[in-house]
Amino acid sequence: MWEYDIVYPAYKCNMTDIVASIGLGQLKRYDKMLGRRRQIVKMYNEGFKDCNVDVLNHLDSNFLSNCHLYLMRLRGKDEVSRNNVIKEMAERGVATNVHYKPLPMHTAYKKLGFDIKDYPNAFDMYRNEITLPLHTLLTDEQVEYVVRMLKESI
């Protein structure tokens with residue numbers, strides 16, 4: 001299952017020197033990578049235009065996104081339904097996720113006295129959100145497969 005927990009408040013330090021050097025090397029490929037991400041977003045948008053989902057708008061005449069994540073909300077679904085879709089997608093070979101679980105739902109923040117009931121908008125955005133694969137090594141055929149599998153799963 002996709003779910004994770006934060007059990008105590010601490011530092012989150014992800015960047016090592018090696019990761020930084022890889023990132024610097026990838027900057028040379030950034031325009032090409034960004035172009036491919038935008039192609040995938042357009043394919044997803046086209047594939048889901050007649051589905052009962054809401055997608056995060058990445059591309060507009062007034063702004064552009066780096067297309068880091070492809071987030072969608074499954075209209076009329078709750079956590080249980082969303083998690084069932086995630087499970088079905090995994091069984092079909094498609095890794096999905098949720099971005100992000102609100103902090104008041106994590107153990108560390110519950111212990112500090114936070115309660116998700118005090119953050120209804122955060123919970124509403126979380127309860128039926130699912131994130132689809134969006135990386136530059138996806139082929140057009142794989143993107144079409146993800147679209148088909150999600151349609152079948154919902």
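## A tour of the salt bridges, the sheet and the cysteines

Begin by selecting Glu3, which is partly exposed, with a relative accessible area of 40%. The model you have open is a predicted one, and this residue makes a useful starting point for walking through its charged pairs.

From Glu3, add Lys101 to the selection: the two side chains meet in a salt bridge, with 3.1 Å from N to O. This pair links distant parts of the chain, since Glu3 sits in the segment before α1 (17-26) and Lys101 in the loop between α3 (79-91) and α4 (107-111), 98 residues apart. Lys101, with a relative accessible area of 9%, is buried, whereas Glu3 is partly exposed.

Next, select Asp54 and Arg75, which form a salt bridge whose closest N and O atoms are 2.9 Å apart. Here too distant parts of the chain are linked, because Asp54 belongs to strand β1 while Arg75 lies in the loop between β4 and α3, 21 residues away. Asp54 is partly exposed at 37% relative accessible area, and Arg75 is likewise partly exposed, at 37%.

Asp54 leads into the sheet, so colour its strands now. The sheet is open and has 3 strands in the order β1-β4-β5, with antiparallel pairing. Its edge strands, each of which pairs on one side only, are β1 (53-55) and β5 (129-132). On average, neighbouring strands of this sheet are turned by 30° against each other, direction ignored. Zoom in on strand β4 (residues 70-74), which is joined to β5 by 4 bridges, the two strands running antiparallel; within this pairing, Leu71 has Thr131 of β5 as its bridge partner.

Then select Arg73, Asp124 and Arg127 together, which are linked in a network of salt bridges. For another charged pair, move to Glu46 and Lys49, whose side chains meet in a salt bridge with an N to O distance of 2.7 Å; Glu46 counts as partly exposed at 48% relative accessibility, while Lys49 is exposed, with a relative accessible area of 53%. Across the structure, the count comes to 9 salt bridges.

Finish with the cysteines: which residue holds the cysteine sulfur nearest to that of Cys51? The nearest is that of Cys67, 19 Å away, and Cys51 is in no disulfide. That separation is too far for a bond, because a disulfide needs the two sulfur atoms within 2.5 Å. A search of the whole structure accordingly finds 0 disulfides. Cys51 counts as buried at 16% relative accessibility, and Cys67 also counts as buried, at 0%.

Note on methods:
Residues numbered from 1 in each chain as written. Predicted model: local features only at pLDDT ≥ 70, side-chain atom pairs only at ≥ 80, totals over all residues. Heavy atoms only, no water. Pairing = 2+ DSSP bridges. Axes fitted to C-alpha atoms, helices over the stretch in contact; angles between N-to-C directions. Buried < 20%, exposed > 50% of the residue type's maximum accessible area, 1.4 Å probe, protein only. Salt bridge = Lys/Arg side-chain N within 4 Å of Asp/Glu carboxyl O.
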